[in-house]
Structure formats: structure tokens, C-alpha cells
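Here are a few friendly notes to read alongside the structure. Take them one at a time, and keep the 3D view open as you go.

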Amino acid sequence: MDQLQIKDLEIFAYHGLFPSEKELGQKFVISASLSYDMTKAATELDLASSVHYGELCQQWTTWFQESAEDLIETVAYKLVERTFEAYPLVQEIKLELKKPWAPVHLPLDTCSVTIHRRKQRAFIGLGSNMGDKQANLEQAIDKLRARGIHILKESSVLTTEPWGGVEQDSFANQVIEVETWLPAPVLLETLLSIESEMGRVREVHWGPRLIDLDLLFVEDQVIYTDDLILPHPYVAERLFVLESLQEIAPHFIHPILKQPIRYLVDQLEQGNA
């Protein structure tokens, strides 16, 4: 993808763990590459399809100087976050933050951190069978938006019977497609945080829930850890999930089963016939 590169922007600010760093300040140096499609900017003089690098450098300077953080990791992360927010056309950012005056009493040129993030698409399953179910789904989506997660598509809301053998009320279910620069584990933590904020209590496995947010897919990533399994292990077994996925992404290919969603729907329907 096309890239805008900014190298060695110097900013004086007051970040650091030591009191002297916050009192006296020091020089920091930013270098970054921003990836986005420059075709329209280059061929049609479409300024909305470009990043004004002069304005961006001024924004970085303003953002950089408006607080005093202990860690340069925090500063770099916030710069990446705010750049994605300010420039939706940017798809990927690699930012290096150097601290040439770091208080290291040894021969040293500079210390630096680099944060590299790119936008990716993910599918999230939503469910609720307590209280105002429709309102619960809408509130969860609003909370995702408030965290900078861009909602691309929403399926219809389906009324489904409980899954898992626990006697309870029917569910309101849907699937949404989102765009986010958060890595999959962080996205999962975000979903769990929203569930907690909304008052979900995990008392009975497969039991009633005010809100349920399942991370189904993050592009074609395959992850198996104690905390996260991708794709979601029950996607291909739940017809209501597949039907909602088929509505908004029928041609998405399951990265393990290597089949598009519409084929998985057909197979499950035939197996249940």
C-alpha cells in the first residue's frame, strides 16, 4: 500500500518517570509511516483522500505536549490512536518514538519504542435474553462506537431458542462486522469490558445473559491460547450465527474450514433436515 513517511520530527516535552524529566523536559523525535491509498489524491487532486503532513506534524506536536506521561510507550500508543481517529483513510501506522536524552549514564545514541498497528475487519456476535433485548444490543453497539470501533455492517436481529441446554427465555441475536486497529486479544478484552459495564454476571454456563459479545472472526487469523480461540469454536455449529453472517458476508471464507459462510449454512441446514 502507498505510504506517507515523516522522519525525525523533533518535539520538546515533559514525559518520563523521573521528576527531573517532568520538570526540565527533553527532546523527543518521531518518525512514522502511514499507509493509505493515494490514487484519488494523485490523479484527481482529491485533498480529502490525502493526509496534510504539515497539519499532522502540528497535531502530533500539540497532542505530544498536552500531557506528561511516565512511559514513552503510552505517548506513542496515544499518538497512533489519535491519528487513526483523525484520519479514517489511514489503514496502517508504524510509529517510532525516540528519546535521545534518556537518563542512561552510559554511552548511548538514543532509546526508542515502535508501535505498529493496522486496521482489520472482525465479526462480532451479539445476544441478549434479559430485559429489553433490542435495547441491550443497541447499547452494546453504541459502546463499541464510543471506543473507536467502526461499525461496517449489522445483520437483522433474529429471535432464537437458547443454545446449550439451560431452560431460559429466547434470545435476540445478531452479527456485526467492524473495523478496528485493536489486536484480537485487545478487542476481546474490550468486548468483555463492555459486557461487565452493562452488568453481565457469569453465574450459569450457557445461562441467561443481559448481553453476550462473542468474537467470531478477525480476518483470517487463527489463534489458540488459554484466553482466545479464533475462529470462535462454535461458529459452524450455530445456524443462527451462520444465517446472520450470511446476511452481511456470504462470501467470507472460514479460515480453518476453507469454505464460504453460505456453504456452511447449506451444510448445517442439510444436516438438521
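1. A word before you start: this is a predicted model. Please keep that in mind for every point below.

2. Let's begin with a sheet. Four strands make it up, in the order β1-β2-β3-β4, and they pair in an antiparallel way. The sheet is open. In general, strands of a sheet pair through backbone hydrogen bonds, and the pairing can be parallel or antiparallel. Which strands stand at the edges? They are β1, residues 3–13, and β4, residues 111–118. Each has a single partner strand, so one side of each has no neighbour in the sheet. From one strand to the next, the twist averages 15°.

3. Now zoom in on one pairing. Strand β2 covers residues 26–35, and nine bridges join β1 to this antiparallel partner. To find one of these places, start at Ile-6 and look across to Ala-32, its bridge partner in β2.

4. Two helices pack on this sheet. Helix α3, residues 53–65, touches β1, β2 and β3, and its direction makes about 35° with that of β1. Helix α4, residues 72–86, touches β2, β3 and β4, and its direction makes about 30° with that of β4.

5. While you are in β1, stop at Asp-8, which belongs to that strand. What is the phi of Asp-8? It is positive, about 60°, although Asp-8 is not a glycine.

6. Next, visit the second largest pocket, which holds about 180 Å³ of space. As background, rolling a probe the size of a water molecule over the atoms shows where empty space is left. The residues lining this pocket include Glu-81, Phe-84, Glu-85, His-150 and Trp-181. Which elements give two or more residues to the lining? These are α4 and β8, the latter spanning residues 171–180. The largest share, three residues, comes from α4. Sorted by class, the lining has three nonpolar, three polar and four charged residues.

7. Aromatic rings deserve a look too. How many aromatic pairs does a search of the whole structure find? There are eight. One of them joins Tyr-77 and Trp-181: this pair is tilted, with 5.3 Å centre to centre and 50° between the planes. The two residues are 104 residues apart, so to speak of distant parts of the chain is fair: Tyr-77 sits in helix α4, while Trp-181 sits in the loop between β8 and α6 (184–197). Trp-181 also appears in the lining of the second largest pocket.

8. Finally, look at a proline. The peptide bond from Leu-230 to Pro-231 is cis, and its omega is near -5°. You will find Pro-231 in the loop between β11 (229–230) and α7 (239–248).

Conventions. Residues are numbered from 1 along each chain as its sequence is written. This is a predicted model: local features need pLDDT of at least 70, side-chain atom pairs count only at pLDDT 80 or more; totals for chains, interfaces and linings use all residues. Side-chain values use heavy atoms; hydrogens and water are left out. Two strands pair if DSSP finds at least two bridges between them. Axes are lines fitted to C-alpha atoms, for helices over the stretch in contact, and angles run from 0 to 180 degrees between N-to-C directions. Contact means heavy atoms within 4.5 Å. On a 1 Å grid over the protein atoms alone, a cavity is a set of points where a 1.4 Å probe fits but cannot get out, and a pocket is an open set with protein on both sides within 12 Å along at least five of seven lines; lining residues have an atom within 4 Å of a point. Grid points are joined across faces, edges and corners, and a volume is the space filled by probe spheres set on the points. Ala, Val, Leu, Ile, Met, Phe, Trp, Tyr, Cys and Pro count as nonpolar, Asp, Glu, Lys and Arg as charged, and the others, Gly among them, as polar. Rings of Phe, Tyr and Trp (its six-membered ring) pair if their centres lie within 6.5 Å; planes under 30 degrees apart count as stacked, over 60 as edge-to-face and the rest as tilted.
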